[in-house]
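Fire up your viewer and grab a coffee. Here are a few exercises on reading a fold, each followed by a worked solution.

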Amino acid sequence: MAPTFSLSLPLERRLPREATLHRCFLIGVAALEAQKHPLDVVELVRSVLATAGTVEMKASIMEGKSKRCGAVSGLSTVILSYSKCTESGTVFITLSATSTGGIANKRVGRIGVTPVTGAGTYANNLCTVSATGKGEAIIPGTVARDVAALIEYKSLSVKEAATYAIHECVARGNARLVVVSAKGEVAMPFNSI
């Protein structure tokens, strides 16, 4: 899970955020250990902060195999690459869920990159991708889908695809990506400050 706040925040503001993210992580781990379906786990972890009384945020979720997607509410960026060993082999389930509070001083009613499937969130059977940053720079390039396409059609590694997309498909200073392969490889490039 990538931090959804600046590490330069004063401690009194940063520590409660870190504690909440850690709590979300522990809830997710406990739910997976209790054999909850991965989709339910993603929704659970994303909604923890909303039920704690915080403001609802723009968000999306996508399941990789069926490519079903939709909007949910939450706060933290969550990507889950889940594998389960069975008698017939290992089954990989990829889910991507992304949410954000948006940019400071945003216009009322502005919808950023997060709920836009293909731009802010994308999942297929190979990987999951969440993008965050300035939507106006990310949406036209459908950056999340581009990463998945580079992995699928060009056979790039997660790191290669994410690095290419963040530096070639989005203007500098505008985006962060979190990419997880079905096998658990992780890349988190950014071109923002």
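## Exercise 1: two helices

α4 and α5 pack at an angle of about 140°, with their axes 9 Å apart. Keep in mind that this is a predicted model.

**Task.** Work out which class the angle between α4 and α5 falls into, and which residues make the contact.

**Solution.**
- Step 1: take the angle, which is about 140°.
- Step 2: hold it against the cut-offs. Over 145 degrees would count as roughly antiparallel, and 65 to 115 as roughly perpendicular. The angle fits neither class, so α4 is oblique to α5.
- Step 3: get the handedness. The crossing of α4 past α5 is right-handed.
- Step 4: list who touches whom. On the α4 side you'll find Val-143, Val-147, Leu-150 and Ile-151; on the α5 side they meet Val-158, Ala-161, Ala-162, Tyr-164 and Ala-165.
- Step 5: sort by class. The contact has nine nonpolar residues, with no polar and no charged ones.

## Exercise 2: the sheet and its cover

**Task.** Find the strand order of the four-stranded open sheet and say which strands sit at its edges. Then place the two helices against the sheet.

**Solution.**
- Step 1: trace the order. The sheet runs β5-β6-β7-β8, and the pairing is antiparallel.
- Step 2: pick the edges. β5 (121-123) and β8 (186-187) each pair on one side only, which makes them the edge strands.
- Step 3: add α4. This helix, residues 143-154, packs on the sheet and touches β5, β6 and β7. Its direction makes about 150° with that of β6.
- Step 4: add α5. Residues 158-168 form this helix, which lies across β7 and β8 and runs at about 160° to β7.

## Exercise 3: following β7

**Task.** How many bridges join β7 to β6, and how many join β7 to β8? Which residues stand opposite Val-179?

**Solution.**
- Step 1: count towards β6. Seven bridges join β6 (residues 127-133) to β7 (residues 175-181), and the two strands run antiparallel.
- Step 2: count towards β8. Here there are two bridges, again between antiparallel strands.
- Step 3: look at Val-179 in β7. Val-129 stands opposite this residue, and so does Ala-187 in β8.
- Step 4: check the turn. β7 and β8 form a hairpin with four residues between them, and Gly-184 in that turn has a positive phi of about 95°.
- Step 5: check the burial. Six of the seven residues of β7 are buried, leaving the strand mostly covered.

## Exercise 4: positive phi without glycine

**Task.** Where do Lys-67 and Thr-142 sit, and are they buried, partly exposed or exposed?

**Solution.**
- Step 1: read the torsions. Phi of Lys-67 is near 60°, while Thr-142 has a positive phi of about 40°. Neither Lys-67 nor Thr-142 is a glycine.
- Step 2: locate them. Lys-67 is in the loop between β1 (58-63) and β2 (69-70). Thr-142 belongs to the loop between α3 (135-138) and α4.
- Step 3: classify the exposure. Buried means under 20% relative accessible area and exposed means over 50%. Lys-67, with 39%, is therefore partly exposed, and Thr-142, with 33%, is partly exposed too.

## Exercise 5: zooming out

**Task.** What does the secondary structure come to, and what percentage of the residues count as buried?

**Solution.**
- Step 1: tally the elements. There are five helices and eight strands, in the pattern α-α-β-β-β-β-β-β-α-α-α-β-β along the sequence.
- Step 2: take the burial. Of the 193 residues, 41% count as buried.
- Step 3: check the contact range. Among contacts between residues at least 6 apart in sequence, 56% join residues at least 24 apart.

Note on methods
Residues are numbered from 1 along each chain as its sequence is written. This is a predicted model: local features need pLDDT of at least 70, side-chain atom pairs count only at pLDDT 80 or more; totals for chains, interfaces and linings use all residues. Side-chain values use heavy atoms; hydrogens and water are left out. Two strands pair if DSSP finds at least two bridges between them. Contact means heavy atoms within 4.5 Å. Axes are lines fitted to C-alpha atoms, for helices over the stretch in contact, and angles run from 0 to 180 degrees between N-to-C directions. Angles under 35 degrees count as roughly parallel, over 145 as roughly antiparallel, 65 to 115 as roughly perpendicular and the rest as oblique. A crossing is left-handed if the near helix is turned anticlockwise from the far one by less than a right angle, and right-handed if clockwise. Ala, Val, Leu, Ile, Met, Phe, Trp, Tyr, Cys and Pro count as nonpolar, Asp, Glu, Lys and Arg as charged, and the others, Gly among them, as polar. Buried means under 20% relative accessible area, exposed over 50%, partly exposed in between (1.4 Å probe, protein chains only).
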